[in-house]
Amino acid sequence: MPRQGAVRPDHNPDTIALTGIPGPDDILNGGLARGRLYLVEGVPGSGKTTLAMQFLMEGARRGEPVLYVTLSETTEELTSVAQSHGWDLSGVHVRELLPDQHTLESEEQYTMYHPSEVELAATTKLILEDVHHLKPTRVVFDSLSELRLVAGNPLRYRRQILALKQFFSGRGCTVILLDDMTASDHDLHVQSIAHGVILLQHLSPEYGAERRRLRVIKYRGSNYRGGYHDYLIKPGGLVVFPRLIAAETRQTTTSAKLPSNIKELDTLLGGGVEEGTSTLIVGGAGTGKSTIAAQFAVSAANRGQKSIIFMFDESPNTLFTRCGNLGIDVESHVTTGMIRIVQVDPAELSPGELTFVIREAVERDHVKVVVLDSLNGYLNAMPEERFLTIQLHELLMYLAQNSVATLLIGAHQGVIGSQMHTPVDATYLADAVILLRYFEAQGEVRQAISVVKKRGGAHERAIREFGMENGKIRVGDSLRHFRGVLTGVPVYEGPTGPLLGDERRGK
């Protein structure tokens, strides 16, 4: 699968026109077929004009004559938009077809003819003159709502669109029509005659930043990437994040062990976690889930392997301090670039952008360990949480096919008891599950660790005591003389060996 903005090896510039935008060329299976008419729909503010200008600037950059026909915005307004993005429109010919101030005067009002009979003919004449003179290979009409009003009635409007399509098809010109969808009745006729239709959606969640997504509704003769694709409007233009399809990235994988370098923990896991697998570390707040994940990342860095940690719930400084007190030197590896920390604000980041950052880390930086801390934060980043499991499944499959070990952090709701649960159940998706629980013993709150699931490999079935004290992570003996540890209220059933921390209490 091509990287964002990449050109396919079989791309022919004589038959395919690149959009000039990172992402859409991948979604459109290479770009837009030349000599065809396309429709771009979207409400005001969705980025239609920005997309169209980037399309024309890409043509101008390649030495093609391009034409922007505006019926709704002035040249000054378009120039202002370009300046906000740092663009140079010197290679883009702009034809402004707006009524001037004299149309407000009474003598300029039509009496014998309907305005559409005069204005449509004049508008069409100016457009054809520009085309004959400039001979453009790319043309944008902004917008259809104005042309619809100028036409006067639906029949005249539809005939005009068909006439434009036939006129440009014989001249090898790629045409984009912009529609702001402000008409009271949405006319699907233009969709039926267009070679391709792209929809831009502008969403406003109840909380957080606005979100935008793109969908290709139709593209004749092309195996385009369907579904919704998140995108942003940044200084510099649109950035589109193609939807991840893991099946497109299948390749030969490896399954080398990635130990934590904590002997007892690696024994529990049968030697460590494997490349190409996902491990869910689940437990109550403060049980040490993030600390264990950080230990695996540091161990990988010590072996010369890169890691990336996505933090939804904690700040990097807090992680540095907490792990530093346990002898886990995350900060120095972040400084050297072996570990990268991405602070995620769930209210600001779209799922598509998060997936794109992960893909870049895997394909460009060749990371071997990915940590999502936590699934609770990942859930909050989703506009519709019922799709979380599907997206997470695609992401884990993609990482597995690239021989990346994934560590997922899941926080239980509650502290002690049998009714603890997570807001999203990912246990069936993960290849291994590490369970951390609090339990009561000898008048104190202790912690226990166990591996309750591991696909394709042997692991220890014991429940061991777990602690973070005296400057290190400690995994103790099996709690063989306790029953009900996982419930949080165990029953003592015989003599037991020393528990962690007994030595500091003089026991």
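In which loop is the place of Ser-143? Ser-143 has its place in the loop between β6 (138-142) and α5 (144-151), and the report returns to this residue below, after an outline of the chain as a whole. The model described here is a predicted one.

## The chain as a whole

The chain holds 14 helices and 24 strands, and 52% of its 507 residues count as buried. Among the contacts in the chain with a separation of 6 or more, 70% are accounted for by residues that stand 24 or more positions apart. About 23200 Å² of the chain is exposed, and carbon and sulfur atoms supply 51% of that area.

## Strand β10 and its partners

Strand β10 covers residues 228-234, and His-229 is found in it. On one side of the description stands strand β9 (residues 211-219), which runs antiparallel to β10 and is joined to it by 4 bridges; within this pairing, Arg-213 stands opposite Asp-230 in β10. Strand β11 (residues 237-240) is likewise antiparallel to β10, and 4 bridges join the two, with Lys-234 having Gly-237 in β11 as its bridge partner. Together β10 and β11 form a hairpin that has 2 residues between the strands, and Gly-236 in the turn has a positive phi of about 115°.

Is His-229 buried or exposed? His-229 counts as buried, because its relative accessibility is 0%. A polar atom of the His-229 side chain lies 3.0 Å from the backbone oxygen of Arg-225. When neighbours within four places in sequence are left aside, the residues in contact with His-229 include Arg-212, Arg-213 and Leu-214, and also Val-240, Phe-241, Pro-242 and Arg-243, while Ile-27 is another of its contacts.

Arg-213, which is one of these contacts of His-229, also lies over the face of Tyr-228, at 3.6 Å from the ring centre. An arrangement of this kind is found elsewhere too, where Arg-138 lies over the face of Phe-55, at 4.5 Å from the ring centre.

## Aromatic pairs

The structure holds 5 aromatic pairs. One of them is formed by Phe-241 and Phe-356, a tilted pair with 5.3 Å from centre to centre and 40° between the planes. Phe-241 lies in the loop between β11 and β12 (257-258), whereas Phe-356 lies in helix α12 (residues 351-363), so the pair ties together parts that are 115 residues apart in sequence. With a relative accessible area of 3%, Phe-241 is buried, while Phe-356, with a relative accessible area of 21%, is partly exposed. Elsewhere, ring pairs link Phe-141, Phe-167 and Phe-168 into a cluster.

## Backbone features

Most residues other than glycine have a negative phi, and most peptide bonds are trans. Against that background, the table lists two cis peptide bonds and two residues with a positive phi.

| Feature | Residues | Angle |
|---|---|---|
| cis peptide bond | Asp-142 and Ser-143 | omega about 5° |
| cis peptide bond | Asp-373 and Ser-374 | omega about 15° |
| positive phi, not a glycine | Asn-261 | phi about 70° |
| positive phi, not a glycine | Ser-403 | phi about 55° |

Ser-143, the residue of the opening question, is joined to Asp-142 by a cis peptide bond, and Asp-142 is at the end of the range given for β6 (138-142), just ahead of the loop that leads to α5. Ser-374, which a cis peptide bond joins to Asp-373, lies in the loop between β17 (369-373) and α13 (375-380).

Asn-261 has its place in the loop between β12 and α8 (263-268). Ser-403 is found in the loop between α14 (388-401) and β18 (405-411), and this serine is buried, with a relative accessible area of 6%.

## An exposed loop residue

Val-489 has its place in the loop between β23 (482-483) and β24 (491-492). Val-489 is exposed, because its relative accessible area of 52% is over the 50% cut-off. Leaving aside neighbours within four places in sequence, Val-489 is in contact with Arg-483 and Gly-484. Val-489 and Phe-439 are 50 residues apart along the chain, and their C-alpha atoms are separated by 5.8 Å.

Note on methods
Residues are numbered from 1 along each chain as its sequence is written. This is a predicted model: local features need pLDDT of at least 70, side-chain atom pairs count only at pLDDT 80 or more; totals for chains, interfaces and linings use all residues. Side-chain values use heavy atoms; hydrogens and water are left out. Buried means under 20% relative accessible area, exposed over 50%, partly exposed in between (1.4 Å probe, protein chains only). A polar contact is a pair of N or O atoms within 3.5 Å; within protein, one must be able to donate a hydrogen and the other to accept it, and residues adjacent in sequence count only if both atoms are side-chain atoms. Contact means heavy atoms within 4.5 Å. Two strands pair if DSSP finds at least two bridges between them. Rings of Phe, Tyr and Trp (its six-membered ring) pair if their centres lie within 6.5 Å; planes under 30 degrees apart count as stacked, over 60 as edge-to-face and the rest as tilted. A charge sits over a ring if NZ of Lys or CZ of Arg is within 6 Å of the ring centre and within 35 degrees of the ring normal. Accessible areas come from the Shrake-Rupley method with a 1.4 Å probe; for residues, only the protein chains shown count as cover.
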